Amino acid sequence: MKTILVEGREVTLGNIFCIGRNYAEHVKELKNAKPTEPVVFMKPTSAIIQAGEDIRLPDYSHDVHHECELIIYIDKEANSVSQQRALDYVGGYGIGLDLTARDVQSQLKTKGLPWTKAKGFPSAACVSHFISPKLIDDINVQQFCLKVNGELRQQGNTKDMMFTCAEIISYLSKVYGLQAGDIIYTGTPAGVAALQSGDELELSWAGKIDVKFNVA
Ligand code: MG
């Protein structure tokens, strides 16, 4: 059973929900259509790694992209909750990487097939520890970034999300239901690019979380 670290406690990981196409500039860079409702996909829990564990690129892809994202941790069951109450179900926030085998995803998209093979390999879901929502003044104006080998690659601000954290939680609670232990990747800003063996990744949420991952 996989666990994650929330305010220093090991908790059992539930479902891993991911939102795609949630930042306009990233939608443009991949030439995707702008969504009218959240685009949702999932990763298996076997894909999770935490700081200190290495990213392992799958041998069936030659183009694994980093997607640096804010992550929500849900700490109680949520069914059909309103946007107004949605943030009451948040037990923590973190940052992480939704690693994506872009070449595999492109082939699957062309065929109209699910993206799971592109998004679900072991280490495809990198997570930091999670911090208390009480430490965040306003989740809708939070800046985070990713450096690869010391060079700034991605910079995001949650104010640029097309669907806010509250909208995402409310939506997921209505369509799927959320349970304690679930985490939600909230989408990536622009700047996605390929990783190479030996790369050093530094994820930073200014003043709150700094975490590193290396590519084996
Ligand atoms: Mg993503």
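Donors, for a metal ion, are N, O and S atoms within 2.8 Å of the metal. In this predicted model, the protein donors of the magnesium ion are Glu-67 (OE), Glu-69 (OE) and Asp-98 (OD), at 2.0 to 2.1 Å from the ion. Along the chain these donors follow the spacing E-x1-E-x28-D. Glu-67 sits in the loop between β6 and β7, while Asp-98 belongs to strand β8, so the pair ties together parts that are 31 residues apart in sequence. Both Glu-67 and Asp-98 are buried.

The strands β7 and β8 lead us to the sheet. Seven strands make up an open sheet with mixed pairing, in the order β4-β3-β13-β7-β8-β10-β5. At its edges are β4 (39–43) and β5 (48–50), each of which pairs on one side only. From one strand to the next, the twist averages 30 degrees. Within the sheet, β7 (residues 68–74) and β13 (residues 183–185) run antiparallel and are joined by three bridges; here Tyr-73 stands opposite Ile-183 in β13. Helix α5 (residues 165–175) lies across β3 (16–20), β4, β7, β8 (90–98) and β13, and runs at about 55 degrees to β7.

Helix α3 (residues 102–111) is a good place to practise looking down an axis. Its residues Arg-102, Val-104, Gln-105 and Leu-108 are buried. Seen down the axis of α3, the buried residues fall within an arc of 155 degrees, so they line one face of the helix. An α-helix has 3.6 residues a turn, so residues three or four places apart point the same way. The buried residues of α3 pack against α1 (24–29), β6 (64–65), β9 (100–101) and α4 (116–119). On the face turned away from this buried side are the exposed residues Thr-110 and Lys-111. Just after α3, Gly-112 adopts a positive phi of about 75 degrees.

Aromatic rings offer another view of the fold. A search of the whole structure finds three aromatic pairs. One of them is the tilted pair of Phe-17 and Tyr-176, with 5.5 Å centre to centre and 50 degrees between the planes. Phe-17 lies in strand β3 and Tyr-176 in the loop between α5 and β13, so this pair ties together parts that are 159 residues apart in sequence. Phe-17 is buried, with a relative accessible area of 2%, whereas Tyr-176 is partly exposed, at 44%. Phe-41 and Trp-115 also form a tilted pair, with 5.3 Å centre to centre and 55 degrees between the planes. This pair links Phe-41 in strand β4 with Trp-115 in the loop between α3 and α4, 74 residues apart.

Note on methods: Residues numbered from 1 in each chain as written. Predicted model: local features only at pLDDT ≥ 70, side-chain atom pairs only at ≥ 80, totals over all residues. Heavy atoms only, no water. Pairing = 2+ DSSP bridges. Helix = DSSP H or I, 4+ residues; strand = E, 2+ residues; numbered from the N terminus. Axes fitted to C-alpha atoms, helices over the stretch in contact; angles between N-to-C directions. Contact = heavy atoms within 4.5 Å. Buried < 20%, exposed > 50% of the residue type's maximum accessible area, 1.4 Å probe, protein only. Arc of directions from axis to C-beta. Donors = N, O, S within 2.8 Å, 3.2 Å for Na, K, Ca; no water. Phe/Tyr/Trp six-rings, centres within 6.5 Å; stacked < 30°, edge-to-face > 60°.
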